[in-house]
Amino acid sequence: MLVLAGVLIFVFVLGRGIGDPAKMMLAPDASQEQYLATRAQYGFDDPLYVQFGRAAFGWMQGDFGQSLWQRVPSLPVALSRVPATLHLALATALIAIPTAIAIGTISAIRPRSFIDRALTVVSLGGVSTAEFWLGLMLILLFAVQLGWLPTSGYGGLEYTILPAITLAFRPIGRIAQVARGAMLDEMSKPYVVTARSKGLAERVCTFGHAFRNAAIPIVTMCGDETASLLNGAVVIETVFGWAGIGSLLIQSINRRDLPLVEATVFVIAIMIITLNLLVDVIYTRVDPRIRFGGAAT
Amino acid sequence: MAQSIPAEHPVAAPGGQHGPEASPAVTTPQAAARSSRITWADLLRALFDDKVVFIALCFIVLVAGAAIFAPFVAPHDPLAQSIRTRNKPPMTPAIQEGGVPYLLGTDALGRDTLSRLIFGARISLTVGVLTALISGTLGVSLGLVAGFYRGAIDDLIMRLVDLQMSMPGLLIALFVLFALGPSFVNLVLVMVVTRWMVYARITRGMMLSLRERPFVEAARALGCSDTRLVLVHMLPNLFSPIIVLATLEVATMMLALAALDFLGLGIQPPDSSWGLMLAQGREYITSAWWLVTFPGLAIMLTALSFNVLATWVRVITDPVSSWRWIRRGATRTAA
């Protein structure tokens with residue numbers, strides 16, 4: 001809630017206080033009369049505290065004003081784009097998390113193997129590549145050259161594959177690195193040595209014992225990645241013409257549609273907060289000690 | 001910088017294995033101590049020996065050099081438009097007799113891609129380095145204050161850090177640039193504001209452990225002022241991780257700038273940056289692959305070089321591992 005209030009105040013101060021909303025809405029070549037008319041129409045010439053009161057009152061009721069571009073209330077427009085973004089985020093998570101855990105675990109079990117080297121390349125490449133460029137390259141290869149998949153658009157599986165792979169690339173590198181580190185760490189601990197020395201199969205030691213404990217940092221990392229996932233989604237949705245909330249934000253910015261921009265930022269903030277909350281819940285499921293407030297340790 | 005690195009290692013090194021000035025016969029403690037100091041010559045030789053790092057450094061020097069001397073290096077005028085050379089593929093010969101061929105092709109306005117890349121490097125590098133420096137200064141200062149004084153000011157700063165950490169930086173940057181309008185100054189400012197907390201977190205964390213150390217207590221007992229204590233005694237201990245972080249951040253900042261450019265809120269035409277070239281080339285992706293390939297490749301290679309460099313800086317600024325690294329290089333050269 002604090003974060004949400006912070007975001008709203010931030011949006012208001014920047015949008016209404018520092019920036020000039022009427023100028024933002026109008027095209028750069030608008031006349032002075034148009035400018036004054038817009039100011040009067042939206043009440044931007046009122047004192048700031050009056051504006052703030054009105055905005056806060058409206059926002060609490062979910063009223064962000066009419067979208068200038070679509071001529072309908074902004075919030076429903078923004079909300080209607082949420083499922084598409086969640087669809088993409090889910091597809092990305094489905095690709096990224098299992099792949100990352102598999103790569104990380106294998107490279108922890110077999111250091112210096114091919115997979116281990118591949119991981120170094122992927123994670124170094126992940127932090128050095130502009131995500132949208134990777135997307136463009138994938139379009140170039142699979143859509144333009146090979147013609148296997150559509151270049152862009154929002155739709156079913158064939159439309160989902162390229163953007164999801166693009167978005168998954170960086171998290172795979174990061175999560176796999178964490179998984180590798182955590183597994184190596186756990187595998188050298190005394191309880192794994194005990195498990196081994198009492199003759200348990202290597203498979204049981206690895207997956208039954210070490211992996212369960214290594215899962216905690218992995219889940220944390222996955223959680224950290226959710227915020228940056230939405231970050232990346234803004235760019236990637238634009239590249240692939242995906243009808244999600246990220247591309248809506250860019251469209252409304254380009255159309256100087258202040259009410260819609262505000263509504264979109266608000267919805268994205270809520271999405272991030274919800275995702276973070278979800279990660280916290282999963283966290284307590286993975287590590288029972290947290291649920292009991294540390295009493296069980 | 002290299003002179004100031006104390007290369008103490010628990011095992012006294014036999015002279016001659018590393019350090020060109022110590023002859024193998026001399027094994028007096030004094031000589032051993034002298035030879036365990038890392039000199040510029042050691043550093044350079046070891047650098048030359050590690051091929052990946054060497055290539056990365058060369059690439060950064062190359063890009064920076066091209067950016068600085070852009071008007072002399074670029075084969076064509078980056079703004080010269082020509083209808084006759086629209087969207088020509090790489091290696092197209094120049095239209096005028098004896099001209100340099102369009103090595104990387106031309107864009108939709110007939111401008112030479114390579115020349116535009118060279119001029120674009122100016123903005124991309126400037127923004128990357130500048131923002132990393134400014135946000136580093138800001139973040140480190142706030143981290144020092146938070147970690148040294150603790151209490152209410154620490155709470156305030158860390159609350160701010162947490163708040164920013166939970167919001168994606170790109171989103172904040174987009175909204176700020178929308179509200180204030182995209183300009184070079186706004187761009188640098190907004191990138192500084194979205195990244196300072198990375199430095200602040202690390203600095204504060206290290207300060208918390210440093211302030212309990214005996215040497216800080218000793219300095220305080222000798223009557224050091226707070227300012228002197230922080231700046232002269234504690235800050236130098238934080239240099240290594242901060243420099244590593246700053247090197248990484250240059251790459252991050254360049255990528256962030258590219259994303260903002262691509263979304264149309266970064267550098268505005270007629271100025272050019274690598275991200276903007278990508279945005280402009282995107283329309284022609286089906287017909288002119290070179291327009292989207294080369295600028296992205298430039299971004300990736302530069303960012304990759306900075307990342308590789310960061311791992312190297314991490315190794316050499318850490319006394320123990322730098323000793324190993326140099327020695328490994330030295331023995332290999334000797335063999």
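**Exercise 1. Describe how many residues each chain gives to the contact between chains A and B, and analyse the side of chain B.**

Step 1. Count: chain A gives 37 residues and chain B gives 32. Contact means that C-beta atoms, placed from the backbone, lie within 7 Å. The model is predicted: local features need pLDDT of at least 70, side-chain atom pairs count only at pLDDT 80 or more, and totals for chains, interfaces and linings use all residues. Residues are numbered from 1 along each chain as its sequence is written, with chains lettered from A and ligands numbered from 1 in the order in which they are written.

Step 2. Find the elements. On chain B, those giving two or more residues are α6 (151–166), α7 (169–180), α10 (226–262), α11 (274–282) and α12 (289–317). Helices are DSSP runs (H or I, at least four residues), numbered from the N terminus.

Step 3. Rank. α7(B) gives the most, nine residues.

Step 4. Classify. This side of chain B has 25 nonpolar, six polar and one charged. Nonpolar covers Ala, Val, Leu, Ile, Met, Phe, Trp, Tyr, Cys and Pro; charged covers Asp, Glu, Lys and Arg; the others, Gly among them, are polar.

**Exercise 2. Characterise the packing of α9 (residues 214–221) of chain B against α10(B).**

Step 1. Take the axes, lines fitted to C-alpha atoms over the stretch in contact, with angles from 0 to 180 degrees between N-to-C directions. They come within 11 Å and cross at roughly 145°.

Step 2. List the contact residues. α9(B) supplies Phe215(B), Val216(B), Ala219(B) and Arg220(B); α10(B) supplies Leu229(B), His233(B) and Met234(B).

Step 3. Sort by class: five nonpolar, one polar and one charged.

**Exercise 3. Locate Arg150(B) and state its phi.**

Step 1. Arg150(B) sits in the loop between α5 (113–149) and α6 of chain B.

Step 2. Its phi is near 55°, a positive value in a residue other than glycine.

Methods: Contact = placed C-beta atoms within 7 Å.
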